[in-house]
Amino acid sequence: MSQSVPDATDVFVIGGGPAGLAAAIAARQRGFRVLVADGAQPPIDKACGEGLLPDGRAALERLGIHVPRTDAHPFRGIRFVSAALSADARFPGDSCGLAVRRTSLHRLMTERAALLGAGLLWRTAVTGISPQGVHLGDRVVHARWIVGADGSKSRVRRWAGLDRGPRPRLRYAFRRHYRVAPWSDHMEVYWGDHCQGYATAVSREQVCVALASHDSSLRLEEGLRALPSLAERLRGAEAVSSERGSLTGNRKLTHVWRGNVALIGDASGTVDAITGEGLGLAFSQAVALAESMESGDLERYQAAHRKLALRPLCMARLMLTLDRRPWLQRRTLQVFEKRPEIFRRFLELHVGVLPPLHVVRDGLTLGWGLLTA
Ligand SMILES: Cc1cc2nc3c(=O)[nH]c(=O)nc-3n(C[C@H](O)[C@H](O)[C@H](O)COP(=O)(O)OP(=O)(O)OC[C@H]3O[C@@H](n4cnc5c(N)ncnc54)[C@H](O)[C@@H]3O)c2cc1C
């Protein structure tokens, strides 16, 4: 740690990934003095599908970040692909999603946080928290609020005693980039019997490919063999990044705050990568958290957090019912292929254009479609 560190701040954010930077930006937008510490050196990369759905993109824009076209590649909808079937739906209206390399997103968010005056401490690992404040080795920084944004394996969560919640069922995920011209203007989900592949074009010459499964030994290249249509698209394409892995899955915590500590982003619970919603969720949580800190009442954040997570968790559960049920996968894709309006409605639900209550009604419509297709 070479930077000078103040003795006190209003908000200390532990972790300078997308969630931590979003928390810092939203807190600065409300006038708090903010410090962010991260053990890594920017720009920070991570295993991610790198897609921002239209709602996630809007949440990022609420933080004042408009990703320039030079740093992003748009996509118009979602396509589901299996060995024999393919169904797609466009986002409502003329909205589009954006695929952004994690390193570019991190750079843009860091610039925005710095511009707003947040203090950014890189290569600075937080070693503990106590009633005195945040510990950086021998140093202690007093903070009115402490924000745990230290990712899915959060130590802040453990330090604050917030680890309780239903046991998550985690999956293993890997991602890599390939030099190949985009073949689609959709974010694609390739369904195999035991894994899914996600393909998102991040530029005019690169596609980000991720793979998720319950099998800890299934790495990306091997998994592609179970997804022949995706493997065919990538045949001969040069891999231009190293393979990065991470755990993914739905994790819900009983509480996301205690005392003056609040959790955000993956530290506060996760939605499976299949939703493409982790980033957007963190950006929306950041605004809710800043509002709650301003009101002095973190219980408001708890309520907002629960509400924000409801839709992505519902969608993740729905989509994961297709995982490892090849017959249901086939039937669902048949319905989506034959009746694209049902798929379009699901996408509208997914990006928050329709309220979660519709999940029940549209679930029934899909159920009827499954029986009658
Ligand atoms: C395979 C995969 C695909 C995905 N695809 C998508 C997608 O397409 N779209 C989407 O929106 N979401 C996607 N997600 C989810 C998304 O990547 C996460 O939700 C997001 O990265 C969470 O960001 P975060 O800032 O909470 O955590 P992280 O990005 O993990 O950041 C945590 C930070 O905390 C720092 N840190 C940890 N401990 C300490 C400490 N003690 N002191 C200081 N710093 C510390 C780390 O260095 C790190 O920088 C995907 C996830 C996976 C695994």
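This report walks through a predicted model of a protein chain with its ligand, starting with the domains.

**Domains and how they meet**

The table lists the domains that the assignment gives for the chain.

| Domain | Residues |
|---|---|
| domain 1 | 8–69 + 101–167 + 251–317 |
| domain 2 | 169–248 |
| domain 3 | 324–372 |

Taken over C-alpha atoms, the centres of domain 1 and domain 3 are separated by 32 Å. The two domains do touch: 7 residues of domain 1 are in contact with 6 residues of domain 3. On the domain 1 side of that meeting place, helix H2 (54–62) and helix H8 (298–320) each supply at least two residues. H8 gives the most, with 4 residues. If you look at the chemistry of this side of domain 1, you will find 5 nonpolar and 2 charged residues, and no polar ones.

**Around the ligand**

Now to the ligand, which has 41 residues around it. The nearest of them are Gly-15, Gly-17, Gly-49, Gly-265 and Gly-278. Both domain 1 and domain 2 take part in this shell, each with at least three residues. By class, the shell divides into 18 nonpolar, 15 polar and 8 charged residues.

Several elements supply at least two shell residues each: helix H1 (18–29), strand S3 (51–52), strand S12 (169–179), strand S17 (244–252) and helix H7 (278–295). H7 provides the largest share, 4 residues.

**A closer look at H7**

Helix H7 deserves a second look. Of its 18 residues, 15 are buried, so the helix is largely enclosed by the rest of the structure. Its length can be checked too: at 1.5 Å a residue, H7 should span 26 Å, and its end C-alpha atoms are 26 Å apart, which agrees. After H7 comes Gly-296, with a positive phi near 80°.

**A sheet that includes S3**

Strand S3, which supplies residues to the ligand shell, also belongs to an open sheet of 3 strands in the order S3-S7-S4, with antiparallel pairing. S3 and strand S4 (72–75) stand at the edges with a single partner strand each, so one side of each has no neighbour in the sheet. Strand S7 (residues 97–100) is joined to S4 by 4 bridges, and these two strands run antiparallel. To find this pairing in the structure, look for Phe-75, which stands opposite Gly-97 in S7. As a reminder, strands of a sheet pair through backbone hydrogen bonds, either parallel or antiparallel.

Notes:
Residues numbered from 1 in each chain as written. Predicted model: local features only at pLDDT ≥ 70, side-chain atom pairs only at ≥ 80, totals over all residues. Near = placed C-beta within 6 Å. Nonpolar A, V, L, I, M, F, W, Y, C, P; charged D, E, K, R; others polar. Domains from an automatic or database assignment. Pairing = 2+ DSSP bridges. Expected span 1.5 Å × (residues − 1). Buried ≥ 20, exposed ≤ 12 C-beta atoms within 10 Å, placed from the backbone.
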